[in-house]
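Work through the exercises below with the sequence and the coordinates open beside you. Each task sentence is followed by a solution in steps.

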Amino acid sequence: MELGAFSLSLTVKDIEVSKAFYEKLGFTTFHGDISQNWLIMKNGDHTIGLFQGMFEKNIMTFNPGWEGNAQPLESFTDVRELQRQLKAQGVEFASEADQSTTGPASFMVVDPDGNPILVDQHV
């Protein structure tokens, strides 16, 4: 099962302070809008998202249809197909993609330890 590009979405208390901290670790802003309280930062192949006031917990995020630099892939497994495969294995969902749609959609599952996993397709 290919889930797409991976990043860690971090819930932060102060996005300015967090941005400055991660810049010290070598991360640079790749995408986002700090005035809307979200940034995507990269350090080589590593990607993190900083989100102030948007989530309760840190989230592992996968993006079907994107490679590591948020560029579209020629072929990929659609989020709705991934959802069907996981349902067939008995995985429970916190939120689901609408199976009657195409294009951008997402679903969320929670691992046995309570860690949220977002599969978020943008293409």
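Rings of Phe, Tyr and Trp (for Trp, its six-membered ring) pair if their centres lie within 6.5 Å, and planes under 30 degrees apart count as stacked, over 60 as edge-to-face and the rest as tilted. The model is a predicted one, in which local features need pLDDT of at least 70 and side-chain atom pairs count only at pLDDT 80 or more, while totals for chains, interfaces and linings use all residues. Residues are numbered from 1 along each chain as its sequence is written, and side-chain values use heavy atoms, with hydrogens and water left out.

**Exercise 1. Aromatic pairs**

Task: Find how many aromatic pairs the ring rule gives, and describe the pair formed by Phe6 and Phe62.

Step 1. Applying the rule gives a count of six aromatic pairs.

Step 2. One of them joins Phe6 to Phe62, whose ring centres are 5.0 Å apart and whose planes make an angle of 50°, a tilted arrangement.

Step 3. To place the two rings, take helices (H or I, at least four residues) and strands (E, at least two) as DSSP runs, numbered from the N terminus. Phe6 then belongs to strand β1 (residues 5–12) and Phe62 to strand β5 (residues 59–63), so that this pair links distant parts of the chain, 56 residues apart.

Step 4. For the environment, buried means under 20% relative accessible area, exposed over 50%, and partly exposed in between (1.4 Å probe, protein chains only). Phe6 has a relative accessible area of 42% and is therefore partly exposed, whereas Phe62, at 17%, counts as buried.

Task: Describe in the same manner the pair that Phe93 forms with Phe107.

Step 1. The centres of Phe93 and Phe107 lie 5.2 Å apart with 75° between the planes, and the pair is edge-to-face.

Step 2. Phe93 sits in the loop between α2 (79–88) and β6 (105–110), while Phe107 is in strand β6, 14 residues apart from it, and the pair links distant parts of the chain.

Step 3. Phe93 is buried because its relative accessible area is 17%, and Phe107 is buried with a value of 0%.

**Exercise 2. The two sides of helix α1**

Task: Determine which residues of helix α1 are buried, and which exposed residues the face turned away from them carries.

Step 1. Within α1 (residues 15–24), the buried residues are Ile15, Ser18 and Tyr22.

Step 2. Viewed down the helix axis, the buried residues of α1 fall within an arc of 60° (the arc of the directions from the axis to the C-beta atoms), so they line one face of the helix.

Step 3. On the face of α1 turned away from the buried side are the exposed residues Glu16, Val17 and Lys24.

Step 4. With contact taken as heavy atoms within 4.5 Å, the cover over the buried residues of α1 includes β1, β3 (38–43) and β4 (46–52).

Step 5. Just after α1, Gly26 takes a positive phi of about 100°.

**Exercise 3. Positive phi outside glycine**

Task: State where Asn37 and Ala70 are placed, and give the phi value of each.

Step 1. Asn37, found in the loop between β2 (28–33) and β3, has a positive phi near 70° although it is a residue other than glycine. Its relative accessible area of 27% makes Asn37 partly exposed.

Step 2. Ala70 lies in the loop between β5 and α2 and has a positive phi of about 60°, again without being a glycine. Ala70 is partly exposed, with a relative accessible area of 24%.

**Exercise 4. Salt bridges**

Task: Find how many salt bridges there are, and examine the one between Glu23 and Lys19 and the one between Arg80 and Asp78.

Step 1. A salt bridge is a side-chain nitrogen of Lys or Arg within 4 Å of a carboxyl oxygen of Asp or Glu, and by this rule the count comes to four.

Step 2. In the bridge between Glu23 and Lys19 the closest N and O atoms are 2.7 Å apart, and both residues lie in helix α1, four residues apart, about one turn of the helix. Glu23 is partly exposed at 37%, as Lys19 is at 21%.

Step 3. Arg80 and Asp78 form a bridge with the closest N and O atoms 2.9 Å apart. Arg80, at 3% relative accessibility, counts as buried, whereas Asp78, at 23%, counts as partly exposed.
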